[in-house]
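Open the model in your viewer and keep the selection panel within reach. We will go from stop to stop, and at each one you will hear what to select and what is there.

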Amino acid sequence: MSKSFRQPFTLFTNEIPPFLVTNGNTIFLIQDFHNYFSNVHEGIIFKISDELYLNEELEEYKKLLLIAKKNIISILNFIRKYNNIQTIYTSLGYFEGEKKSIFLETLGWNLILKKNTLFETTLKPKKNDLIFSKGFWSSASNVTFVKYLKKRKISNVIISGNFLEYGIINTTFDLMNMGINTLIVSDAVTSLTYQANTFIKGSITHGLTKLRSTGETIELINDLNTNNQVIL
Amino acid sequence: MIQTVCGDIENNKLGICMTHEHVWCDQSLGPKFYLFDNSRDKNSLMLLNDYNKQLSELKLYKQYKGNSLVEVTCEGWGRDLNILYKLSKKSKVHIIATTGFYTKPCIPNHAYKFNVNKLSDYLVKEIEVGNENNIKCGILKTSVNTARVEGIEEKGLKAVAKAQKITGVSITTHTTGSRRQEIKGGNASYEILDYLMSEGVKPEKLIFGHVDERPDIRLLKKSAKKGSYIQFDTVGKEHWLLDKTRADLIKALIDFGFLNKILISQDRNRYYEMTYGGNKGYCNILDNFVLKLKNVGITNSQINQIIISNPQKALERN
């Protein structure tokens, strides 16, 4: 049987115009890939699933998570090699001293972020990378992050990370409303199920954001290093 | 004349023809396979490589009165002219093989090394001389994977245009469904038409494929008006478009006077689309979609024109 879904909305919408990617106008966003979600042993989702006997529910997520992790690391390696795109981590939760959001209260998740233990070794931020907390699914819920985007006149955000169907899609909506283009790295994002992954990639994001694979994103970074600008 | 893997045939020997199918392909062989999304379900790979099963599919197609098909797999992802020849001989289905280019992940390495002229010469040789057993291709293909014609795909497009003018065979096109949202006007065909016409290709030698993945009838009418063929070639793939809507669009194009410019096909390239995968394989149109065309008021004679007469003209080498 076909794994595809009907996506009639795309038959009515306008096209997404080309993006101009230059040194300095684009960031690479790694959203919600902190240990709370991406560590299959210690992550909060997995711990709760153990308690609730819901392990099988997350098998597809685990598979997508491992692929996304490998692909995010590949992209990071190229970005760090050329240093032409700023890397930013945004993570659901709150640092000590920050107020816990109503959203987090509602979820019942006590996601206290500790910089030293936030990411696995292979994904650890480097000196020039930035880390922002967020109290809601969307990265744009953090006003400091939004101020950063405006101050640096960021035009494009390349997005990777966890929960395409929750956090990432919300970020793309908010960035679009701010006039910022988004590119989702289609195999460097997770969803909880294959169906959600396929449906979101093929429908809502289709009319809203560009989708490129990890291989294509690495080509983009390479081309940017060679030509200083790329039209996407 | 129409050039098949078993030699030239008269136009009127073509019979019922599906103009955009795959018989032998393996997407994973693409030299830049890493450019594809690697989180996709492995079952969604375009892969048809079981000789006996493919032979059965073609024989079944023959039983349904299907007589010929265009195999649009290009070199770079498993096209095998010798196997196509054997399958054609055994099944008695005429197969028209393709030279040219699929999208960037599947473009063969030599395309990067050759300049446009040498690349064009290579394509011409595939049509004029054929492979080591003189099995020849009968159509050219060009593909655009993103919103613009650029890079290696542009080079391929130029080589294809040049080869078309030398050989006189037609060009069939691919645009990528998931990228179509990025293309101005929602469909690449009109932009490719302009591009190829600027390279000197006559519009009537162009077959625009995949128009039903995101059809905009305003642009389809424009392309048809210029003389190009409009190919609804994902019949049965209702995640792109309902077959009923395809039928409505075809009827509308007929009413606008473009009956002689319409082609239909099914683009079978995954096991689950074949009869051994639980679907209708190459017989879907003949077994199912023809009824849907009749239900929207398209006559038998018009259907015959679409699946018999139009392919003859579209595939004629001149």
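Start with Lys210(A): it is a buried residue, with a relative accessible area of 0%. Keep in mind along the way that this is a predicted model. Lys210(A) sits in strand β9 of chain A, residues 210-212. Where does the polar part of the Lys210(A) side chain go? A polar atom of that side chain lies 3.0 Å from the backbone oxygen of Leu232(A). Now show the surroundings, setting aside neighbours within four places in sequence: Lys210(A) is in contact with Ile16(A), Pro17(A), Pro18(A), Phe19(A), Thr182(A), Leu183(A), Ile184(A), Leu232(A) and Glu182(B).

For another lysine, select Lys70(A), which is found in helix α3 of chain A. Is Lys70(A) buried or exposed? Lys70(A) counts as exposed because its relative accessible area is 56%, and the cut-off for exposed is over 50%. If you draw a distance from Lys70(A) to Thr90(A), the C-alpha atoms are 18 Å apart, with the two positions 20 residues apart in sequence.

**Helix α2 of chain A**

Select residues 44-52 of chain A, which form helix α2. Ile44(A), Ile45(A), Phe46(A) and Ser49(A) are buried there. What do the buried residues of α2(A) pack against? Their partners are α1 (35-38) and α3 (59-82) of chain A. Step just past the helix to Tyr53(A), where phi is positive, near 55 degrees.

**Where the chains meet**

Next, colour the two chains separately and select the contact between them: 32 residues come from chain A and 30 residues from chain B. Together the chains bury about 2500 Å², with 45% of that on carbon and sulfur atoms. On the chain B side, pick out Gln181(B), Glu182(B) and His239(B), which lose the most area to chain A, together 26% of what that side buries. You have already come across Glu182(B), among the contacts of Lys210(A).

Turn to the polar features of this interface. Eight residue pairs are in polar contact across it. The chain B residues that touch chain A divide into nine nonpolar, ten polar and eleven charged.

How many salt bridges join chain B and chain A? There are two, and both are worth a visit:

- Asp37(B) pairs with Lys201(A), the closest N and O atoms being 3.3 Å apart.
- Lys104(B) pairs with Glu219(A), the closest N and O atoms being 2.7 Å apart.

Stay with the pair of Lys104(B) and Glu219(A). Lys104(B) is in the loop between β8 (98-100) and α3 (110-113) of chain B, while Glu219(A) is in helix α9 (residues 214-227) of chain A. Lys104(B) counts as partly exposed, at 24% relative accessibility, whereas Glu219(A) counts as buried, at 17%.

**Salt bridges inside chain B**

Over all chains, the whole structure has 20 salt bridges. Select Arg79(B) and Glu126(B) for one of them, with the closest N and O atoms 2.8 Å apart. Arg79(B) lies in the loop between β6 (66-71) and α2 (81-91) of chain B and Glu126(B) lies in helix α4 (residues 116-128), so this pair ties together parts that are 47 residues apart in sequence. Both Arg79(B) and Glu126(B) are buried.

Then move to Lys292(B) and Asp243(B), whose side chains meet in a salt bridge at 3.8 Å, N to O. Lys292(B) is in helix α9 (residues 284-295) of chain B and Asp243(B) in helix α8 (residues 243-255), 49 residues apart. Lys292(B) is partly exposed at 26%, and Asp243(B) is buried at 2%. Add Asp212(B) and Arg246(B) to the selection: these two are linked with Asp243(B) and Lys292(B) in a network of salt bridges.

**The nonpolar cores**

For the last stop, look at the largest nonpolar core, which has 82 residues. Tyr61(B), Leu69(B), Phe232(B), Ile250(B) and Ile264(B) touch the most other members. Helix α5 (residues 151-167) of chain B gives the most to this core, with six residues. Centre on Leu69(B) and, leaving out residues up to four places away in sequence, show what Leu69(B) touches: among them are Cys17(B), Met18(B), Val23(B), Leu58(B), Tyr61(B), Ile95(B) and Tyr282(B). Finish at a second, separate core of 43 residues, which includes Val21(A), Leu123(A), Trp137(A) and Leu183(A). Leu183(A) should look familiar, as one of the contacts of Lys210(A).

Notes. Residues are numbered from 1 along each chain as its sequence is written. Chains are lettered from A and ligands numbered from 1 in the order in which they are written. This is a predicted model: local features need pLDDT of at least 70, side-chain atom pairs count only at pLDDT 80 or more; totals for chains, interfaces and linings use all residues. Side-chain values use heavy atoms; hydrogens and water are left out. Contact means heavy atoms within 4.5 Å. Buried area is the accessible area (1.4 Å probe) that two parts lose on being put together, summed over both. A salt bridge is a side-chain nitrogen of Lys or Arg within 4 Å of a carboxyl oxygen of Asp or Glu. A polar contact is a pair of N or O atoms within 3.5 Å; within protein, one must be able to donate a hydrogen and the other to accept it, and residues adjacent in sequence count only if both atoms are side-chain atoms. Ala, Val, Leu, Ile, Met, Phe, Trp, Tyr, Cys and Pro count as nonpolar, Asp, Glu, Lys and Arg as charged, and the others, Gly among them, as polar. Buried means under 20% relative accessible area, exposed over 50%, partly exposed in between (1.4 Å probe, protein chains only). Helices (H or I, at least four residues) and strands (E, at least two) are DSSP runs, numbered from the N terminus. A nonpolar core is a set of buried Ala, Val, Leu, Ile, Met, Phe, Trp, Tyr and Cys residues joined through side-chain atoms within 4.5 Å.
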